[in-house]
Amino acid sequence: EFIRNFEKEKNVFPYRESLVNNPKFLTVHLEDLLSFDSDLPSLLRSSPSDYLPLFETAAAEVLAGLKMKVAGDSGEMVEPQTGEVQILLTSKEDPVSMRSLGAQYISKLVKISGITIAASRIKAKATYVHLICKNCKSARAVPCRPGLGGAIVPRSCDHVPQPGEEPCPIDPWLIVPDKSKYVDQQTLKLQENPEDVPTGELPRNMLLSVDRHMVQTIVPGSRLTIMGIYSIFQASNSSTNHKGAVAVRQPYIRIVGMEETNEASSRGPATFTQEEVEEFKKFASNQDTYEAICSKVAPSIFGHEDVKKAVACLLFGGARKNLPDGVKLRGDINVLLLGDPSTAKSQFLKFVEKTAPIAVYTSGKGSSAAGLTASVIRDSSSREFYLEGGAMVLADGGVVCIDEFDKMRPEDRVAIHEAMEQQTISIAKAGITTVLNSRTSVLAAANPPSGRYDDLKTAQDNIDLQTTILSRFDLIFIVKDIRMYDQDKTIASHIIKVHASAQTVSNDSRTSKEENWLKRYIQYCRSECHPRLSEVACAKLQSDYVDIRRGMRQQANETGESAAIPITVRQLEAIIRLSEALAKMKLSYVATEGDVAEALRLFKVSTMDAARSGINQHINITPDMANEIKQAENQIKRRLGIGNRISERRLIDDLTRMGMNESIVRRAILIMHQRGEVEYQRERHIIVRK
């Protein structure tokens, strides 16, 4: 009745229509069912495994009634053959937590949400098993329990023996696999959402089984909300280990309906209400949209205006482009913050992790190459290999924040190279060769090798990362802790104010609302707006880029060595991406000259300054100074044997006692360090090598 007669509006029968258009499966909303009949949903919730098969037969009957009769073999009209119809349930209720699923939920309908972390291969599952008696050859079909259950094979044959015929023995049935009926089945592993995990706990995961039309619709790493029947099965390998525990069963969920949670990534369009869209457009049409957004980025951090602007650009991202020959150009912006301790670098990362629609936060020492990209794991039950995506894959369409970037092992850092430029991760391990998408922005924070940024060193020594990885960062900020009286005073008062007013803010819901608003706005901009450069902006960009290259070449000629940070075509693309991100903040579809100018300014204050920072080696040295430096070098070598260690401070004190100028001694140490005669070890110890 419900499928045939339920109407949403006058003369609109949604379920009949969808059955005719798509005879394989039918999605039923429990709210519609409730408005049609008040008892059905509660029955369906309490014993779904009894009522769902009835529902499916009903759907098949309705479908047969809706179809035209067709001419049979002998010419008369016969009913058309209809296959089974799979019923999928959806409802608007809130999902329950995975931890609260207990014994009282068994064989009831539950709704949970989480992230899929693994998907198995497709297996064939028998629905009807064809049996044959080995004595009397009589056949029968036994239905199989759905899900992960098996068939119940009878012990005896009900054939009555004739006189003189020997009776059928016990357990006479043989299974004929070829005549049995099968459906597809696949198992998934669902892990609870990271935001739902209590502090200090490990995330739980749950086994799911999907069948028929839902197999192979889910890739690992996607977020799901599922309706399913909480069931139990006898685990095969557990019977050997636990001889005593006969009645213990493993829980799993048999899915009867699922929807992918909409995210701001490429996985599906997010839904925005009409009021929200109007509010966003009104906000974007203001003159000072850019400033307003930058003021919302990490408001508890004082100063660092340019870093905030860069982080805002990173959150919005440029536009991805697919060229006709199949080359993809990335639209995500990567930012590196390099600098002294206690300059709020990690605070920025934490803010981005909270604000970006999808974000993963990892720390340098605690992450390996496999954990960042993808690992191949052997499944314990089926002994086959499957892939588990790492941080870069899980954050597809979002941001990866990597703290302590300089402490990563070099071989692990190499794993990020491909993800940062080509936005894919290729894997060839254990017989699995595949390419995973990782369209992520990377926000990394690092300290210089000596712990602090040292103005006496060249830029090359301060930024101790390889050129290959540096050129993949669009913006590189050097965050210095400058000691200035006025600035220190304002910073101190700001921090004290933040601490003093922290308690009063926590019960005020406005801040969380603002955070949420920014998140929604970013989501809206990323899904709706894909700007392109205007003609004027292109011409301006071209001339400016050529100028920057010329300046770098001049600098290289003067100092005789190349810059620590290369200025390549990647940097030109970076400026293009920044201009697009600035246009995207204003929801404009064309990046204007003003956007390009601001992008260039950001680029100059970050990457260009970083390339020029530090002390230049070739400072004009007078002959007297050269002589003194030579003497200082001899003294250092005399003071230290080869392989001895001494702290730099002590060495300078010793030599200044002998009447030498401190700056000369420092410069001598620096020159020896550049020649590789001495080297710095941890805590500023000096060790002589040659």
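Let me start at Y521. Leaving aside its neighbours within four places in sequence, Y521 is in contact with F280, F283, A284, T289, I293, F316, M585 and L587. Before going on, a reminder that this is a predicted model.

Y521 also has a place in the core. The largest nonpolar core has 59 residues, and Y521 is listed among those with the most contacts inside it, together with I293, C313, V335, V352, F477 and M585. So I293 and M585 turn up in both lists, as contacts of Y521 and as well-connected members of the core. Which helix gives this core its largest share? That is helix α9, residues 305-316, with 8 residues. There is a second core, separate from this one, with 26 residues, including L338, I425, I427 and I469.

One more residue in the region of Y521 is E279. It is found in helix α7, which covers residues 274-284. In sequence, E279 and Y521 are 242 residues apart, while C-alpha to C-alpha the separation in space is 9.6 Å. E279 counts as partly exposed because its relative accessibility is 41%, and the range for that class lies between 20% and 50%.

Back to α9, and its packing against α20. Helix α20 is residues 569-585, and the axes of the two helices come within 9 Å and cross at roughly 80°. That crossing angle is why α9 and α20 are described as roughly perpendicular to each other. Which residues make the contact? On the α9 side they are A312, C313 and F316, and on the α20 side L578, A581, L582, K584 and M585. By class, that gives 7 nonpolar residues, 1 charged and no polar. Two names here are familiar: C313 and M585 are both among the residues with the most contacts inside the largest core. F316 and M585 are also contacts of Y521.

Now the whole chain, briefly. It has 24 helices and 27 strands. Of its 690 residues, 43% are buried. Among contacts with a separation of 6 or more, 70% are between residues 24 or more positions apart.

Next, charges. Side chains of opposite charge can pair when their charged atoms come close. How many salt bridges does a search of the whole structure find? The count is 10. I will go through three of them.

The first pair is E56 with R212, where the closest N and O atoms are 3.2 Å apart. This one links distant parts of the chain: E56 sits in helix α5, residues 48-66, and R212 in the loop between β9 (205-211) and β10 (223-233), with their positions 156 residues apart. Are these two buried or exposed? Both E56 and R212 are buried.

The next pair is R99 with E201, again with 3.2 Å between the closest N and O atoms. It also links distant parts of the chain, 102 residues apart: R99 is in the loop between β4 (86-90) and β5 (109-119), and E201 is in the loop between β8 (173-191) and β9. R99 counts as partly exposed because its relative accessibility is 22%. E201 falls in that class too, at 41%.

The last of the three is D544 with K540, the closest N and O atoms being 3.4 Å apart. Both are in helix α19, residues 535-559, and because they are 4 residues apart there, about one helical turn separates them. D544 counts as buried, at 16% relative accessibility, whereas K540 is partly exposed, at 25%. Coming back to E56 and R212, salt bridges that share partners join these two and E84 into one network.

Finally, the backbone. Most residues other than glycine have a negative phi, and most peptide bonds are trans. Two residues here have a positive phi instead. S107, which is not a glycine, has a phi of about 55°. It is found in the loop between β4 and β5, the loop that also holds R99. With a relative accessibility of 33%, S107 counts as partly exposed.

The other is K137, with phi near 60°. Where is K137? Its place is in the loop between β6 (123-133) and β7 (139-143). K137 is exposed, because its relative accessible area is 56% and the cut-off for exposed is over 50%.

That is where I will stop.

Methods. Residues are numbered from 1 along each chain as its sequence is written. Side-chain values use heavy atoms; hydrogens and water are left out. A nonpolar core is a set of buried Ala, Val, Leu, Ile, Met, Phe, Trp, Tyr and Cys residues joined through side-chain atoms within 4.5 Å. Buried means under 20% relative accessible area, exposed over 50%, partly exposed in between (1.4 Å probe, protein chains only). Contact means heavy atoms within 4.5 Å. A salt bridge is a side-chain nitrogen of Lys or Arg within 4 Å of a carboxyl oxygen of Asp or Glu. Axes are lines fitted to C-alpha atoms, for helices over the stretch in contact, and angles run from 0 to 180 degrees between N-to-C directions. Angles under 35 degrees count as roughly parallel, over 145 as roughly antiparallel, 65 to 115 as roughly perpendicular and the rest as oblique. Ala, Val, Leu, Ile, Met, Phe, Trp, Tyr, Cys and Pro count as nonpolar, Asp, Glu, Lys and Arg as charged, and the others, Gly among them, as polar.
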